[in-house]
Amino acid sequence: MAEPGAGFDSKGLGLSLQKKLLGKMSNKKIAKHFIDDTTSEVLDKAFLIIKDFKNKEEAKKIMKYIIKTVIKVGILYRNDQFNAEELKTVETFKSKFHSLSMTMVSFHEVDFTYDKAFLKTSLEECRQLLQSVISRHLTDKSKVRADAVFNFFNCEELMDQIFDSSGKYRDHMEVIVRNMHKMMDDGNL
């Protein structure tokens with residue numbers, strides 16, 4: 001006779017429901033419960049840049065993809081779902097993403113340091129590391145969303161405009177960079 005509940009994994013079901021529920025509710029209002037004010041301000045300015053560069057619908061889509069991915073990875077991490085190898089990859093991703101963030105800050109703050117090839121390579125390395133971390137845990141649809149975010153920000157024309165020292169996104173980037181400094185100082189980036 002089988003034990004009651006045999007074959008039933010309540011923790012796995014709970015995790016699956018969290019990911020599904022938060023995936024469906026990933027709008028700005030819900031995100032504020034999971035994302036701090038500093039990160040929210042960065043995302044708000046990124047939204048304005050994307051909206052101007054493409055359009056409002058594309059900006060909404062990219063923001064939704066970012067929020068869904070961040071929340072789902074956070075849920076996996078908080079629920080100890082990553083194995084030892086994945087945890088090493090998470091640490092490598094965090095280190096690479098931190099370096100990428102510092103590089104972007106430098107490109108913005110120091111004129112004539114912008115290196116498009118380096119930035120593209122760094123973004124691609126982060127994309128691959130993230131895909132490695134989520135490959136066992138998220139659906140193909142979620143993986144495509146993560147790729148869409150990296151592919152969007154890896155657009156050469158967008159990069160050129162963002163890091164143009166006299167460009168139209170300078171004011172938005174000032175706010176983003178100020179908040180990135182705060183996030184780095186707080187150990188959140």
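In this predicted model, the largest pocket has a lining of 44 residues, and Ile66, Val70, Phe93, Phe97 and Leu189 are the ones that lie nearest its centre. The space in this pocket comes to about 1700 Å³.

So who supplies the walls? Two or more residues of the lining come from each of α3 (37-53), α4 (56-78), α5 (84-109), α6 (116-134), α7 (140-153), α8 (156-162) and α9 (170-185). The top giver is α4, with 10 residues. Sorted by class, the lining of the largest pocket holds 35 nonpolar residues, along with six polar and three charged ones.

Two of the helices on that list, α3 and α9, also meet each other. Their axes come within 9 Å and cross at roughly 155 degrees. An angle over 145 degrees counts as roughly antiparallel, so that is how α3 runs relative to α9. The crossing of α3 past α9 is left-handed.

Here is who takes part in that contact:

| Helix | Residues in the contact |
|---|---|
| α3 | Thr38, Thr39, Glu41, Val42, Lys45, Ala46, Leu48 and Ile49 |
| α9 | His172, Met173, Val175, Ile176, Arg178, Asn179, Lys182 and Met183 |

What mix of classes do the residues of the contact of α3 with α9 divide into? There are eight nonpolar, four polar and four charged residues. On the α3 side, Val42 and Leu48 are among the residues taking part, and on the α9 side, Val175 and Ile176 are among them.

Conventions
Residues numbered from 1 in each chain as written. Predicted model: local features only at pLDDT ≥ 70, side-chain atom pairs only at ≥ 80, totals over all residues. Heavy atoms only, no water. 1 Å grid on protein atoms, 1.4 Å probe; cavity = no way out; pocket = protein on both sides within 12 Å on 5 of 7 lines; lining within 4 Å. Points joined across faces, edges and corners; volume = space filled by probe spheres on them. Helix = DSSP H or I, 4+ residues; strand = E, 2+ residues; numbered from the N terminus. Nonpolar A, V, L, I, M, F, W, Y, C, P; charged D, E, K, R; others polar. Axes fitted to C-alpha atoms, helices over the stretch in contact; angles between N-to-C directions. Parallel < 35°, antiparallel > 145°, perpendicular 65-115°, else oblique. Left-handed = near helix turned anticlockwise from the far one by under 90°. Contact = heavy atoms within 4.5 Å.
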